[in-house]
Amino acid sequence: MAAKISSISTASSFFLVLCLILVFTLPCFSDPDELQDFCVADLNARSTMLNGFPCKRVSEVTSDDFFYSGLMKEASTANLLGFGVRFGDVNNFPGVNTLGLSINRVDFAPGGNVPLHSHPRASEANFVLKGKVLVGFISGSNVLYSKVLKAGEMFIVPKGLVHFLKNVGTGKAVVIAAFNSQLPGAALLANSLFASNPTIPNDILAKNFQVDGNVIATIKSKFGNQTK
């Protein structure tokens, strides 16, 4: 009987510790909650940054700090990939500092696409304003989830997963991408693999992709990186 009570007590203690760990660590998986009504970023502050930007003095905050018109204009799509982005993150819109959100505008030329990439600090909601866009992400078990969206439709990309967007319509397309982070970050897969500094050795990449090292060298040259 004593052994049974001891076993129950141990299980209860383990459950309590697990709950405490979850309570104190779950907030770390997204931007931290604000501790005041707002904290408009002072992008010119020289004080130490601790997981965000220092706040402007409340006496210096105006209504304009919560207003942003940077998504109105079309972003240039005159590049090899045929897409452009207008950013609405904390670097461009200081009012979102500590609020755990940012919004970008993505413009596509016909056939334009956002290459394979991930956002290490945010989930993403893609809302199509104009055109027809294919959106897809790859899960940790290598399953592709994708959907062709038309204007008025939305598709969610879970945090940290590799994904892409492509204009599959006949004209221009526009997507509004919302994130649950003031600065979601972006890791472009091809750039990370073939244009890192220092570079990943060719033989490692060749083995991973099961191709000859010359193929890797050729790909790197497209990114201006021919280091072996």
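Two strands count as paired here if DSSP finds at least two bridges between them. With that in hand, let us walk through this predicted model, starting with its sheets. Strand 2 (residues 102-108) and strand 9 (residues 173-179) run antiparallel and are joined by seven bridges. One place to look is D107, whose bridge partner in strand 9 is V174.

This pairing belongs to a wider arrangement. Five strands make up an open sheet, antiparallel in its pairing, and their order is 1-2-9-4-7. At the edges sit strand 1 and strand 7 (154-157), each of which pairs on one side only. If you ignore direction, neighbouring strands of this sheet are turned by 25° against each other on average. As general background, strands of a sheet pair through backbone hydrogen bonds, either parallel or antiparallel.

Now turn to strand 8. Is it enclosed or open to the outside? Four of the five residues of strand 8 (residues 163-167) are buried, so this strand is largely enclosed by the rest of the structure. It has pairing partners too. Strand 3 (residues 113-118) pairs with strand 8 in the antiparallel sense over three bridges, and there N113 stands opposite K166. Strand 5 (residues 132-138) also runs antiparallel to strand 8, joined to it by five bridges; here V135 stands opposite L165.

From strand 3 we can step into the loop that leads to strand 4 (124-130), where H119 has its place. With 8% relative accessibility, H119 counts as buried, because the cut-off for that class is under 20%. Its side chain makes a polar contact of 3.1 Å with the side chain of E124. Setting aside neighbours within four places in sequence, H119 is in contact with several residues, including E124, H163 and F179. K159, G160, P184, G185 and A186 are also among the contacts of H119.

The aromatic rings offer another way through the model. How many aromatic pairs are there? The count comes to six aromatic pairs. In one of them, the rings of F38 and F66 have centres 5.1 Å apart and planes at 75°, so this pair is edge-to-face. Both F38 and F66 lie in the loop between helix 1 (2-25) and strand 1 (83-86), so the pair ties together parts that are 28 residues apart in sequence. F38 is partly exposed at 26% relative accessibility, and F66 is partly exposed at 39%.

The rings of F137 and Y145 make a stacked pair, because their planes are at 25°, with centres 5.3 Å apart. Of these two, F137 is buried, with a relative accessible area of 11%, while Y145 is partly exposed at 41%. Ring pairs link F137, Y145 and F155 into a cluster.

Finally, let us return to the loop between helix 1 and strand 1. A search of the whole structure finds one disulfide, which joins C39 to C55 with an S to S distance of 1.9 Å. Is it left-handed or right-handed? The torsion about the S-S bond is about -100°, so the disulfide is left-handed. C39 and C55 both lie in the loop between helix 1 and strand 1, 16 residues apart, and the pair links distant parts of the chain. The two ends differ in class: C39 counts as buried at 2% relative accessibility, whereas C55 counts as partly exposed at 40%.

Terms used. Residues numbered from 1 in each chain as written. Predicted model: local features only at pLDDT ≥ 70, side-chain atom pairs only at ≥ 80, totals over all residues. Heavy atoms only, no water. Buried < 20%, exposed > 50% of the residue type's maximum accessible area, 1.4 Å probe, protein only. Helix = DSSP H or I, 4+ residues; strand = E, 2+ residues; numbered from the N terminus. Phe/Tyr/Trp six-rings, centres within 6.5 Å; stacked < 30°, edge-to-face > 60°. Polar contact = N/O pair within 3.5 Å; in protein donor to acceptor, adjacent residues only side chain to side chain. Contact = heavy atoms within 4.5 Å. Axes fitted to C-alpha atoms, helices over the stretch in contact; angles between N-to-C directions. Disulfide = S-S within 2.5 Å.
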